[in-house]
Amino acid sequence: FKKIEETVPPEEQWKLLAQHSLVSGRYAGGRFVPPENKLPSEIIKEDLVQLERSLKFVRESSAAADANTDETYETLLHVVPVADYAKDQTSRSYAEAGIYAMERTAKSPYANEPITIAPENIFPEMGYGSHPEELIELVQDARKMMTKMLTEKFIEDPGRRRDRHGNIIEVPNPSYTGMTTEEAEKKAEEHIKATIDTQHLGMWWKSFTPLPGETKEQRKERFDSWYMEEVEKMRKANIIGHLHVVDGIGAGHHHLPVGQGDLPVKEAVEYLKKKGYKGTMIAEGYGEDSLFGAGRQMTETWRAF
């Protein structure tokens with residue numbers, strides 16, 4: 001077009017003119033600014049300027065998007081699901097408490113048996129660790145963490161700081177003892193166990209919705225079977241260190257002496273005894289003493305056994 005314009009006589013160039021209004025034409029439909037008559041080369045030149053600006057904008061936007069992508073990726077490297085983080089911190093806390101219990105056992109002239117920490121299976125609605133299988137996992141994870149803390153010179157940073165590649169950095173381990181793995185595993189088993197509340201376990205009754213055509217007696221039989229299976233799982237996992245021996249009725253939270261509720265507490269305790277359970281236990285049916293006088297709690301529990 002430039003060559004054509006140069007060869008056309010000035011008096012004939014009007015034939016080449018075309019109406020053009022880039023801004024008013026594109027963005028306002030030409031309603032406000034009237035178009036101008038311009039030569040094709042001028043129109044193309046203006047279009048090229050606009051295209052260069054658009055390309056520059058696209059490049060800058062792309063660069064900003066790349067920067068955002070890099071930042072997002074960096075963030076993802078440091079993000080941990082809250083459940084994983086909570087479990088990791090719980091295991092670490094119990095491991096630290098287990099090490100403290102081990103140290104106190106060694107220093108105390110009164111500790112004839114290992115001092116033990118023993119988290120309890122709490123109400124079902126209170127979250128992780130209330131279900132027997134979760135409690136097993138919690139204790140086992142804590143024992144693994146304690147073993148690691150006793151045997152490794154460097155451990156993962158408790159604050160979960162990461163390097164530029166997203167890997168958790170390692171820091172000197174203040175709990176390192178130089179123990180062998182076998183020794184540390186034995187110490188972890190001695191000092192981290194679980195407390196089993198026989199009535200809290202019974203509160204899972206609320207999760208046993210009746211099956212089609214199932215009678216209440218059949219439902220109760222199914223629940224009692226599950227109850228005993230979970231006690232067996234915890235025993236085989238070697239996590240039980242303490243028992244709260246207490247009975248209840250249905251899914252509520254009660255403190256009845258053994259035999260005054262409808263839970264298979266007697267059967268569970270007798271099963272554990274038969275299998276060699278040597279841990280401690282308490283009778284937690286304290287409602288009896290407050291209602292009927294001191295001593296009834298214990299004597300009623302004795303009577304049941």
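The following legends describe close-up views of a predicted model.

Local features are reported at pLDDT of at least 70 and side-chain atom pairs only at pLDDT 80 or more, whereas totals for chains, interfaces and linings use all residues. Residues are numbered from 1 along each chain as its sequence is written, and side-chain values use heavy atoms, with hydrogens and water left out.

**View 1. The open sheet of three strands, with the order β5-β6-β7.**
The pairing in this sheet is parallel. Its edge strands are β5 (194–197) and β7 (280–283), each of which pairs on one side only. On average, neighbouring strands are turned by 20° against each other, direction ignored; axes here are lines fitted to C-alpha atoms, for helices over the stretch in contact, and angles run from 0 to 180 degrees between N-to-C directions. Helices (H or I, at least four residues) and strands (E, at least two) are DSSP runs numbered from the N terminus, and two strands count as paired if DSSP finds at least two bridges between them. Strands of a sheet pair through backbone hydrogen bonds, either parallel or antiparallel.

**View 2. Bridge partners along strand β6.**
Strand β6 (residues 240–245) pairs with β7 in the parallel sense over four bridges. Four bridges, again in the parallel sense, join β5 and β6. On the β5 side, Ala194 stands opposite Ile240, and Asp197 has His244 as its bridge partner. Towards β7, His244 stands opposite Ile282, and Val245 is placed opposite Ala283.

**View 3. Covering of strands β5 and β6.**
Both faces of β5 are covered. Ala194 and Ile196 lie on one side of this strand, Thr195 and Asp197 lie on the other, and all are buried. In β6, six of six residues are buried. Buried means under 20% relative accessible area, exposed over 50%, and partly exposed in between (1.4 Å probe, protein chains only).

**View 4. Surroundings of His200 in helix α7 (residues 198–202).**
His200 is buried, its relative accessible area being 4%. Its side chain makes a polar contact of 3.1 Å with the side chain of Glu120. Another polar contact, of 3.3 Å, joins the side chains of His200 and His253. A polar contact is a pair of N or O atoms within 3.5 Å; within protein, one must be able to donate a hydrogen and the other to accept it, and residues adjacent in sequence count only if both atoms are side-chain atoms. Leaving aside residues up to four places away in sequence, His200 touches Glu120, Asn121, Ile122, Phe123, Pro124 and His253, where contact means heavy atoms within 4.5 Å.

**View 5. Leu201 of helix α7 and an aromatic cluster.**
Leu201 counts as buried, because its relative accessibility is 1%. Not counting residues up to four places away in sequence, the residues that Leu201 touches include Asn121, Pro132, Phe223, Trp226 and Tyr227. Leu201 and Asn121 are 80 residues apart in sequence and 7.3 Å apart in space, C-alpha to C-alpha. Trp205, Phe208, Phe223, Trp226 and Tyr227 form one aromatic cluster, and the structure holds five aromatic pairs. Rings of Phe, Tyr and Trp (its six-membered ring) pair if their centres lie within 6.5 Å; planes under 30 degrees apart count as stacked, over 60 as edge-to-face and the rest as tilted.

**View 6. Arginine side chains over aromatic rings.**
Arg219 lies over the face of Trp205, at 3.9 Å from the ring centre. Arg296 is placed over the face of Phe292, at 4.5 Å from the ring centre. A charge sits over a ring if NZ of Lys or CZ of Arg is within 6 Å of the ring centre and within 35 degrees of the ring normal.

**View 7. Tyr277 in the loop between α9 (265–274) and β7.**
With a relative accessible area of 16%, Tyr277 is buried. A polar atom of the Tyr277 side chain lies 2.7 Å from the backbone oxygen of Thr280. The backbone oxygen of Gly241 lies 3.4 Å from a polar atom of the Tyr277 side chain. Beyond residues up to four places away in sequence, Tyr277 touches Ile240, Gly241, His242, Leu243 and Leu272.

**View 8. Asn238 in the loop between α8 (216–236) and β6.**
The phi angle of Asn238 is near 60°, a positive value in a residue other than glycine. Asn238 is partly exposed, with a relative accessible area of 37%.
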